[in-house]
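Please look over the model below. A brief report follows, starting from one helix and moving out to the whole chain.

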Amino acid sequence: MELWISYNLIEKLKGIHVMKKLKILYMSNNLVKEWTEFLKLADLPSLMDLVFVGNPLEEKYSAEGNWIEEATKRLPKLKKIDGTPVIKHDDDEEGDS
């Protein structure tokens, strides 16, 4: 399941948690500026591909050079963010061997 909602002036992600089968979410160029809203995406168990570029939250952390690191720390299941594959290192894995 995919949802393409770029350029929609979206600031809040209330209700997104019901989309349990959502795998791809393209929501670039919206108005999300807080981690509390971004963290609602963690309630989507199937989400693998997120495009979030152009949101104030992404712009702030990209300017600081740590957007992908901060975003994937909060959404560890992502395989791709903003078109970039997420590279997992073995030392990132926690205990479940």
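## Helix α3

Which residues are buried in helix α3 (residues 67-74)? In this predicted model, they are Trp67, Glu70, Ala71 and Thr72. The buried residues of α3 have three packing partners by element: α1 (35-38), α2 (56-64) and β4 (80-81).

## Annotated domain

Helix α3 covers residues 67-74. An unreviewed UniProt entry annotates residues 17-83 as "domain: NXF1/2/3/5-like leucine-rich repeat". Helix makes up 31% of that span, and strand 12%. The C-alpha atoms at the two ends of residues 17-83 are 23 Å apart.

## Overall fold

The protein contains five strands and three helices. Their order along the sequence is β-β-α-β-α-α-β-β. The protein is as compact as a globular protein of its length, because its radius of gyration is 13 Å, close to the 13 Å that the globule rule gives for 97 residues.

Along the principal axes, the C-alpha atoms fill a box of roughly 40 × 30 × 20 Å. Of the contacts with a separation of 6 or more, 50% join residues 24 or more positions apart.

## Burial, surface and charge

Of the 97 residues, 35% are buried. The protein exposes about 6200 Å². Carbon and sulfur atoms supply 54% of that area.

The protein carries 14 positive and 18 negative charges. The mean positions of the two sets lie 8 Å apart.

Technical notes
Residues are numbered from 1 along each chain as its sequence is written. This is a predicted model: local features need pLDDT of at least 70, side-chain atom pairs count only at pLDDT 80 or more; totals for chains, interfaces and linings use all residues. Side-chain values use heavy atoms; hydrogens and water are left out. UniProt positions are given in the numbering used here, feature names are shortened, and annotations may be inferred rather than shown by experiment. Helices (H or I, at least four residues) and strands (E, at least two) are DSSP runs, numbered from the N terminus. Buried means under 20% relative accessible area, exposed over 50%, partly exposed in between (1.4 Å probe, protein chains only). Contact means heavy atoms within 4.5 Å. The radius of gyration is taken over C-alpha atoms; the globule rule is 2.2 Å times the number of residues to the power 0.38. Accessible areas come from the Shrake-Rupley method with a 1.4 Å probe; for residues, only the protein chains shown count as cover. Lys and Arg count as positive and Asp and Glu as negative; His and the chain ends are not counted. The place of a charge is taken as NZ of Lys, CZ of Arg, CG of Asp or CD of Glu.
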